Protein chains: 4
Amino acid sequence: MAMTGVLRPGHAQLRVLDLEVSRKFYRDVIGLVETGTDKQGRVYFKCWDERDHHSVVLREADTAGIDFVGYKVLDRATLDQLERDVRAYGLETERVPAGDLLETGERVRFQLPTGHLFELYADKKHVGNGLGQVNPAPWGPDSERGMAPTRLDHCLLYGTNIAANKKLFTEVLGFYLVERILGPKEAGEPEVAIFLACSHKTHDIAFVEYPEPGKLHHLSFRMPTWERVLRAGDIMGMNNVPIDIGPTRHGTTRGETIYAWDPSGNRFETFCGGYDPYPDVEPITWTHDGFGHGLDYPNGKLHESFLTIVT
Amino acid sequence: MAMTGVLRPGHAQLRVLDLEVSRKFYRDVIGLVETGTDKQGRVYFKCWDERDHHSVVLREADTAGIDFVGYKVLDRATLDQLERDVRAYGLETERVPAGDLLETGERVRFQLPTGHLFELYADKKHVGNGLGQVNPAPWGPDSERGMAPTRLDHCLLYGTNIAANKKLFTEVLGFYLVERILGPKEAGEPEVAIFLACSHKTHDIAFVEYPEPGKLHHLSFRMPTWERVLRAGDIMGMNNVPIDIGPTRHGTTRGETIYAWDPSGNRFETFCGGYDPYPDVEPITWTHDGFGHGLDYPNGKLHESFLTIVT
Amino acid sequence: MAMTGVLRPGHAQLRVLDLEVSRKFYRDVIGLVETGTDKQGRVYFKCWDERDHHSVVLREADTAGIDFVGYKVLDRATLDQLERDVRAYGLETERVPAGDLLETGERVRFQLPTGHLFELYADKKHVGNGLGQVNPAPWGPDSERGMAPTRLDHCLLYGTNIAANKKLFTEVLGFYLVERILGPKEAGEPEVAIFLACSHKTHDIAFVEYPEPGKLHHLSFRMPTWERVLRAGDIMGMNNVPIDIGPTRHGTTRGETIYAWDPSGNRFETFCGGYDPYPDVEPITWTHDGFGHGLDYPNGKLHESFLTIVT
Amino acid sequence: MAMTGVLRPGHAQLRVLDLEVSRKFYRDVIGLVETGTDKQGRVYFKCWDERDHHSVVLREADTAGIDFVGYKVLDRATLDQLERDVRAYGLETERVPAGDLLETGERVRFQLPTGHLFELYADKKHVGNGLGQVNPAPWGPDSERGMAPTRLDHCLLYGTNIAANKKLFTEVLGFYLVERILGPKEAGEPEVAIFLACSHKTHDIAFVEYPEPGKLHHLSFRMPTWERVLRAGDIMGMNNVPIDIGPTRHGTTRGETIYAWDPSGNRFETFCGGYDPYPDVEPITWTHDGFGHGLDYPNGKLHESFLTIVT
């Protein structure tokens, strides 16, 4: 395989304050497809064009935030090898047994230097996208129910010591750096944000340096077009979903975006566009002064809430 | 003719602080087509898909703002009749001689109750849109130079006593009310903004109640698609054009929009979409509480700058 | 009023071969809103964003085709005046009583030189677009059910002696010529097609010269965007709706289009775009040799079926 | 690296009948960026958003067609390993020396079972996309010159014995099957077309079974949006570029498309959309009866020219 190792973001488990309110929001407003509830009461969702059993898991809790993110790897041999590599690198790993998440095989879990729980897994049940495998229509009813993102695109996590994450992801996990944002000149222009890909997307995961570990900035959902981003914005308006930024274009990654908050205060993004980097690409750098355009290209301004509010 | 009387916005004369800076901005950034300079030094522009000689005139002055707006009427008989009607209504009118504006016939000018100078005219030279009248291509180079709006769509003016304007426009000038915004309940829900059409657009002109007379809120330029609105936003970013709001969708008029400022501080809009009202339509009302969504449908919030900054 | 006389296409009555099949097609595939059935068994529909009771009426018959088209005029005084004008012009008129069509006032009916029954009317019940008149959302469920056109845009009729229609529409009914297509040079370049507007659309009605009178080429439905035209095409594919041409762009009118056939063989169009002509516009001419691009701008070719199949 | 082995289509060398006519066509009409001419007189182009020196090479010849295609691999070690793997698989390979193509390192070349010359290479000069690596704008002048595709997306080749190609690509070169088209039932439903990816695109290369070896069906260029596909179609119309199919949507790969011919008769595609498969995806199958929708989803019909004309 030319695509080996870590393939893509596979799931994220979010903490939500009221499960029923959140279930309705993710199902009816964001428009995910509900695929199950487990014994612990966690509710499972997938985006309509994803073929695996789930990508978003909601767990009721007293505080919002993210429990863990999981990335799908090519196969079990890859899982075993990556586990060995991560251990050899010096991190402890844990095996979460198959079935802990519905329809999901064993997961290898470890804590990132930024404090986040990160998982790798090789097996999750294929349930299809509802269009079938023979002469499929290009879309169906689920692709117009709510905002109806096509897939979980990436997550952006805030935490301590992203330099250590960068080393781990690029040296052990097979990711490469696509873009980065620098801090102020007077601080020596440290990397304050890094966008990493294991594929040819502009990011499969991104990290921002932050004084507290383990924080969620946002989960990003893929939209097919800029017109569908506006439609998502309309649905936010119809449902009084609080918006952080957008609709607008990012300079960073070139994507089109809206950031908004779920009922628990977890930020999510409806994202489309971007470009196609490959591992041989020279990374793009955003300077501290230039990042206003990096965040919001037309407006060219920093949004305080974007930089400071996390769960 | 089924379209009679006042046809459309035909021109607006803007005051700009530095003519050369503004000329470059309207020509290269907004992407209008420069069509002439007169003896007074005023610079003339048209949008690429307009067929008359000009729609925007820049005049250098010490303060920004709008000198006058002019609307094209069907023919000279209409012009004479409307002049008589306006006088009969009790307003004084003045004839500005043909040639005062380049390639433009006599204009009938009068002052609106809101303090704005308003003009009607029947003649302006057809110069075409550059595509010819025989087997034309759907677009050409001018339609991709700068933001490249297709036409001057409408203007929004702030001034005193919009109720009197409404009466004049609907009873004398042949406009009809398409949408309106109400003030707070505790103030008795007065009409604080009115959107008036002489065509089947959502507005050919709009007024907002304001303590000072004769103010410009914005001149609006028509964009063909939401994708072209984003492209306009990208060009704003490339040129550090300060944006007030957008890209986003209006609830009011349903259009898609960005508001930004020219180098003199005159606000302009890149606008597309909307719907097709007709004179038999029942007007839409936005309540004071609902106008957050009227202004910015996804965000549902009032923008202080939009409500208070005028030239 | 600046918009006076004839305002817009208001309704068309189509003959369909199987009423139930057609009802399902217009409701579920095209996505119109069903608004009633009358004693004769005719079924009534409106497009979601139309505010009047209906725009499409289906009547079961042995042959497909169009019974009549009706255009809304400003008010009853206009209706009376236009009736007098048409009679003075030398055509007989008939009054169809109020209530013959559901929720519709008296209609003035006459036969066009091309053999089509044409109606004018001033009254039809406002039923709204389902979004309400106070703080409306920009769209709702009906705008995504089936192809979901926003309104009946125009019709194209084939018949004898379009020159006489042109005279009637421009001299009596207040329309103006926007574009025209010429026949071959060797035939002296007669006008073989004319596009007429009573508004500032590229056409409210169009005629093509044809040896048989009273034929329907197509009824055109307005789509908001090119992306929605593709979505309409997808729905045609999902439902095996036979397509004549498209998706593509017209050179003539500059609009984007798909032509397809309903289950009875009546052609319809899903149309968007175009430009904004006004009565003072100089008409555009398509030569016989240039009309390949007029019909299908990218392909630049004539489609035999388009030129010859009518109902 | 998670992306290893073969990364992406890197170049294709086309035979053209008149070099100057073709140079103008690829530069001004398709809108590629010309990057050089070598001693043999070959002309080099890249798409604006590609960062390597070239992706299309034109060679003047007496017959149209494709000389070879080259795919970029991760690095030199990968190149050496893949060379060994291909030899071990039983194919002869040849090393084309560095510098044979401008700014390109050594290429490993071998003949596919379908008769095409296929190359792998690890080194080509990075020249950037013209936007810079620090605070880049999202696009620039080259992205609106001509059709302006963003990159070479894939190629579709016709030849003998695609089953052997499938084996080679999936067992040796690290590709996986994304979609496939079957022949008629009476012929036992053989695979007559296969769509293969080395990434998470719907195809990096595709093959169709054909009685003659080494044929080119089309080279595909990536467009960012459906609106830009229409714009490409408009440019085809303006330049009388003969179109084979489109604009339309493919059922197969779900992409949006126009197929047209360059002045030598080489077919090319302007393509956007699609979805994101991964190596763990279950392939989609199009039956012989269903392939009308696979080729042209709205129309649901086979186009004879598409199936039979190759160079």
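Here are four short exercises with worked solutions on this predicted model.

**Exercise 1: the build of one chain**

Task: Find out how many helices and strands chain A has, and work out why its radius of gyration agrees with that of a compact globule.

Solution:
- Step 1. Start with the secondary structure: chain A holds six helices and 17 strands.
- Step 2. Next, look at the extent of the chain. The C-alpha trace of chain A spans about 55 × 50 × 45 Å along its principal axes.
- Step 3. Now compare with the rule for globules. A compact globule of 311 residues would have a radius of gyration near 19 Å, and chain A has 18 Å, so the two agree.

**Exercise 2: inside and outside**

Task: State what percentage of the residues of chain A count as buried, and what carbon and sulfur atoms supply to the exposed area.

Solution:
- Step 1. Recall the cut-off: a residue is buried when its relative accessible area is under 20%.
- Step 2. Apply it to chain A, where 67% of the 311 residues count as buried.
- Step 3. Turn to the outside. Chain A exposes about 10000 Å², and 50% of this comes from carbon and sulfur atoms.
- Step 4. Finish with the contacts. Among those in chain A with a separation of 6 or more, 67% are between residues 24 or more positions apart.

**Exercise 3: a sheet in chain B**

Task: Trace the open sheet of nine strands in chain B and name its edge strands.

Solution:
- Step 1. Write down the order, which is β14-β15-β16-β13-β9-β12-β11-β10-β17 in chain B, with mixed pairing.
- Step 2. Go to the two ends. The edge strands of chain B are β14 (243–249) and β17 (284–286), each of which pairs on one side only.
- Step 3. Check the twist: on average, neighbouring strands of this sheet are turned by 20° against each other, direction ignored.
- Step 4. Remember that strands of a sheet pair through backbone hydrogen bonds, either parallel or antiparallel.
- Step 5. Zoom in on one pair. In chain B, β11 (residues 191–197) and β12 (residues 205–209) are antiparallel and share four bridges. Here B:Phe195 stands opposite B:Ala206 in β12(B).

**Exercise 4: relating the copies**

Task: Which rotation superposes chain A on chain D, and what kind of axis does this give?

Solution:
- Step 1. Superpose them: a rotation of 180° with 0.0 Å of shift along its axis lays chain A on chain D, at an RMSD of 0.0 Å.
- Step 2. Name the relation, which is that of a two-fold axis.
- Step 3. Locate the axis. The C-alpha of A:Met3 is the nearest to it in chain A, at 2.3 Å.
- Step 4. Compare the interfaces. Because 100% of the interface residues of chain A are also interface residues in chain D, the copies meet through the same surface.

Notes: Residues numbered from 1 in each chain as written. Chains lettered and ligands numbered in written order. Predicted model: local features only at pLDDT ≥ 70, side-chain atom pairs only at ≥ 80, totals over all residues. Heavy atoms only, no water. Least-squares fit on C-alpha atoms with pLDDT ≥ 70 in both. Contact = heavy atoms within 4.5 Å. Pairing = 2+ DSSP bridges. Helix = DSSP H or I, 4+ residues; strand = E, 2+ residues; numbered from the N terminus. Axes fitted to C-alpha atoms, helices over the stretch in contact; angles between N-to-C directions. Rg over C-alpha atoms; globule rule 2.2 N^0.38 Å. Buried < 20%, exposed > 50% of the residue type's maximum accessible area, 1.4 Å probe, protein only. Areas by Shrake-Rupley, 256 points an atom, 1.4 Å probe, with all protein chains shown as cover.
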